[in-house]
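I opened this notebook to keep track of what I looked up, entry by entry. The structure comes before the entries.

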Amino acid sequence: MTGQEVVFLIVGVVVLGAAVRCVTTRELVHAALWLVVALGGLAVQYLLLTAEFVAWVQVLIYLGSVVVLLLFGLMLTRAPIGPSPDADSGNRPVALAVSLGSAAALVVLVVDAFRTARIELDPPHGESGQIGESLFREWVLPFEALSVLLLAALVGAIVVSRTRRRDGGER
């Protein structure tokens, strides 16, 4: 194993741990911060795979926009900062079984598909010209739909946070 592969595995374990903590914590703000760690680790993995453009898009779009929007939404809706027992639906065993089954199926499919393949990382694979062309030809509609969805979520959070008192005045 090369040093790059060792770092890739270590970062992968950190991302997996952060993702598990993100979905198992009972505090919403902590879940958002664990999401930051997981998404940041993915950006590091893109850098290790010499996909610099994708890594910076990961940092700018997901860490810079989505997580900030999520935190603003939590703050604007006055979500509880401490532990939230009502944030747990009680379906943890079912969710664990489904996630383990999905992970096992994904591992089996990927191992079967790429059993003998070896990817050489000498030339850069994340060139911005090819990715930009793909984004603006085939993926422009989902990209714009996501931006409208995020904007609607922010507007919804503002509307929910600005409730009126019974006497007609705003809080």
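The entries below go from the whole chain to single helices, residues and a pocket.

**Entry 1, the chain.** I note before anything else that this is a predicted model. I looked up the elements and found 6 helices and 0 strands in the chain, so that the order from the N terminus reads α-α-α-α-α-α, with helices and strands taken as DSSP runs. I then looked up burial and found that 16% of the 171 residues are buried. For the surface I wrote down about 12,400 Å² exposed by the chain, with 71% of it supplied by carbon and sulfur atoms. Among the contacts with a separation of 6 or more, 69% are between residues 24 or more positions apart.

**Entry 2, helix α2.** I checked the length of α2, where 21 residues at 1.5 Å a residue should span 30 Å, and the end C-alpha atoms are indeed 30 Å apart. I listed its buried residues as A31, A32, A38, L39, G41, A43, Q45 and L48, and noted that the buried residues of α2 pack against α1 (3-24) and α3. An α-helix has 3.6 residues a turn, so residues three or four places apart point the same way.

**Entry 3, two residues of α2.** Is A38 buried or exposed? I found that A38, in helix α2, has a relative accessibility of 8% and counts as buried, because the cut-off for buried is under 20%. Leaving aside neighbours within four places in sequence, A38 is in contact with V15, A18 and A19, and the C-alpha atoms of A38 and G12, 26 residues apart in sequence, are 9.2 Å apart in space. I then turned to L47, also found in helix α2, which is partly exposed at a relative accessible area of 41%. Outside its neighbours within four places in sequence, L47 is in contact with E52 and A55, while the C-alpha atoms of L47 and F8, 39 residues apart along the chain, are separated by 9.8 Å.

**Entry 4, after α2.** What is the sign of phi at T50, the residue I looked up after α2? The phi of T50 is positive, about 55 degrees, although T50 is not a glycine. Most residues other than glycine have a negative phi. I placed T50 in the loop between α2 and α3, and found it buried, with a relative accessible area of 17%.

**Entry 5, helix α4.** I looked up α4 (residues 92-113), whose 22 residues reach 31 Å from the first C-alpha to the last, close to the 32 Å expected. How many of the residues of α4 are buried? The count is 0 among its 22 residues, and I recorded α4 as hardly covered.

**Entry 6, a pocket.** I looked up the second largest pocket, which holds about 430 Å³ of space. Of the 15 residues that line this pocket, V57, I61, Y62, L135 and F143 are the closest to its centre. Which helices supply at least two residues each to the lining? They are α2 (28-48), α3 (52-76), α5 (128-137) and α6 (140-161), and α3 gives the most, with 7 residues. By class, I wrote down 12 nonpolar, 3 polar and no charged residues for the lining of this pocket.

How values were computed: Residues numbered from 1 in each chain as written. Predicted model: local features only at pLDDT ≥ 70, side-chain atom pairs only at ≥ 80, totals over all residues. Heavy atoms only, no water. 1 Å grid on protein atoms, 1.4 Å probe; cavity = no way out; pocket = protein on both sides within 12 Å on 5 of 7 lines; lining within 4 Å. Points joined across faces, edges and corners; volume = space filled by probe spheres on them. Nonpolar A, V, L, I, M, F, W, Y, C, P; charged D, E, K, R; others polar. Expected span 1.5 Å × (residues − 1). Buried < 20%, exposed > 50% of the residue type's maximum accessible area, 1.4 Å probe, protein only. Contact = heavy atoms within 4.5 Å. Areas by Shrake-Rupley, 256 points an atom, 1.4 Å probe, with all protein chains shown as cover.
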